[in-house]
Amino acid sequence: MTYDLVVIGAGPGGFDAAADAAGYGLKVALVEKQFLGGTCLNRGCIPTKLWLGATSAVEELHNQAKMKVASGEVKVDFPALQARAGKHLAGTRKAMAMQLKKLGIDLIEGTGRLRDGKVSVETGNGEQVLEYENLVLATGSKPVFFPGLEPDGDCVLDSDMFLAMEEMPRSLVVIGAGFIGLEMAQVAHRFGAKVTVVDAMDRVAPLEDPEVSKALASVFKRWKWDVLLEKRVAGVTTEGGKGVLTLDTREKIEADKILVAVGRGPVTEGLGLEQAGVELMMNKVVVDENLMAAPNIYAVGDANGHIQLAHAASHQAHYVAARIAGRTDAPYESGPVPSVLYGAPEVMRVGMMDNEAFLTDFDTAETSKAMLAANPMAQAHASTQGFVKVVWSAGKVVGVTAVGHDVSRLVTPATMIVQQGWTVEDADKTIFPHPSLDESLLMALKGERTRVG
Ligand code: FAD
């Protein structure tokens, strides 16, 4: 039998491509070498949010304690949290397997690779060969390391290993002040760990608006984190049951655990891609405007390296499935892609930052801003640091960035506002509920504008 579609990888990209295609009436096989749900469900978005969700009350109560309306000690049981997370993930995988069955998708458990125009799957029971009309590569990404920073699985860990820990360390060094490192550092902090963050760049969250980095740094300072910037790490090892980080200045930092979170790279090795005419650039699958890598071969999600976010993978997957099913022949358009750093404080961003708007049209790039200190919901939560910033170009909203307590809840309205290119008149026409954090977004939209540059 020839499948209409074979998908390799069952993360958000692969799973959604398979499910949509089956929904369009195509005969689909989904190949997965490890767990349904991929990185996002098993080693990424979901376990980190289970940790952050279970511990968020700790941070909130600390804030209330500072207002002298709460006292005493609150504790989260880490082994119990890990047990709950394990059950939750297994339950979700089971539900996904049932969904595949219901959709008539053949799940082939094993490692897939391309050979002679077919997909060869190494399963526990030998090789299975799948013939296809169309193929979707959704093999995702894995942690990558600079030489000398490889984890040893003992005291030096990558994010996969960190999420599998049985005990939370009492001291933690995080190498890499990006979203993954900062979310995990926040959890360790809530369990009382002494946190040190080391980065080669000159600010935390270096891909964000510099004002966001500044706001985060001031919170981390209040939490008494050691944030060491513009530092180069020469090596990391486990010595005498401790993680030891050596800077290029030979200075050493010791901690119970060291988390190396310096980036992720596509999983594309050993798939036989080049022989199938698929081009790779820095391990990323090169795709055209239709997300096509070679005739009838598509790549979605982290594998094509466009953007490493689960919802971006899913959005690409929906498009590719529709294209294969003949529902669209238009090129892929992502629209503005929202991103969020979860925790407390949170960061949300969608669309352009100031510098990008300036480069697009320096004559009309403007920003307007509202501070959370004036917001009643931020005040109620005793967490008033942060701001919402709106970026304008030619009188229309082209970006929104926010940092502070709970700002992730602004991300969907902000995405719609950017997508629709609101003017200030659109803000005037819309009722924002009171009291709500959303009012900060309204205040930022209506705030005094400053020219960028
Ligand atoms: P993946 O989810 O990586 O799935 C790829 C799948 O392919 C895997 O299951 C793998 O086993 C399988 N596979 C690979 N090769 C083969 C093969 N040869 N044969 C068979 N199967 C194969 N994103 C967000 O949007 N929000 C977040 O909050 C967020 N938090 C994160 C936190 C952490 C700690 C990490 C590490 C990532 C986080 N991400 C988050 C990123 C998100 O997890 C990824 O962007 C997303 O999982 C990418 O989806 P994907 O389908 O492209 O690949």
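Which side chains meet in a salt bridge at 2.8 Å, N to O? They are those of Glu211 and Lys389, where a salt bridge is a side-chain nitrogen of Lys or Arg within 4 Å of a carboxyl oxygen of Asp or Glu. Let's use this pair as a way into the structure. This is a predicted model, in which local features need pLDDT of at least 70 and side-chain atom pairs count only at pLDDT 80 or more, while totals for chains, interfaces and linings use all residues. Residues are numbered from 1 along each chain as its sequence is written, and side-chain values use heavy atoms, with hydrogens and water left out.

Glu211 lies in helix α7 and Lys389 in strand β23, so their salt bridge ties together parts that are 178 residues apart in sequence. Helices (H or I, at least four residues) and strands (E, at least two) are DSSP runs, numbered from the N terminus. The two partners are covered to unlike degrees: Glu211 is partly exposed, with a relative accessible area of 31%, whereas Lys389 counts as buried at 2% relative accessibility. Here buried means under 20% relative accessible area, exposed over 50%, and partly exposed in between (1.4 Å probe, protein chains only).

Now for the helix itself. With 13 residues (210–222), α7 should span 18 Å at 1.5 Å a residue, and its end C-alpha atoms are 19 Å apart, which agrees; the expected span is 1.5 Å times one less than the number of residues. Buried in α7 are Val212, Ser213, Ala215, Leu216, Val219 and Phe220. Seen down the helix axis, these buried residues fall within an arc of 165°, so they line one face; the arc is that of the directions from the axis to the C-beta atoms. The spacing makes sense, because an α-helix has 3.6 residues a turn and residues three or four places apart point the same way. On the face turned away from the buried side, α7 carries the exposed residues Pro210, Lys214 and Lys221.

The two ends of α7 are worth a look too. At its start, a side-chain oxygen of Asp209 reaches to within 2.7 Å of the backbone nitrogen of Glu211. Just after the helix, Lys224 takes a positive phi of about 65°.

What covers the buried side of α7? Among the elements in contact with its buried residues (heavy atoms within 4.5 Å) are α6, β21, β23 and β24. Strand β24 is mostly covered, with 8 of its 9 residues buried. β24 pairs with β21 in the antiparallel sense over 6 bridges, and with β23, also antiparallel, over 8 bridges; two strands pair if DSSP finds at least two bridges between them. Val347 stands opposite Val403 in β24, and Val391 stands opposite Gly399 in β24. A hairpin joins β23 and β24 with 2 residues between them, and Ala394 in the turn has a positive phi of about 50°.

Finally, back to the charges. The structure holds 16 salt bridges. One of them joins the side chains of Lys446 and Asp428 (2.9 Å, N to O), linking helix α13 (residues 438–446) with helix α12 (residues 424–428) across 18 residues. Lys446 is partly exposed at 48% relative accessibility, and Asp428 is partly exposed at 47%. Our opening pair belongs to a wider set: salt bridges that share partners join Asp209, Glu211, Asp354, Lys369 and Lys389 into one network.

Note on methods
A polar contact is a pair of N or O atoms within 3.5 Å; within protein, one must be able to donate a hydrogen and the other to accept it, and residues adjacent in sequence count only if both atoms are side-chain atoms.
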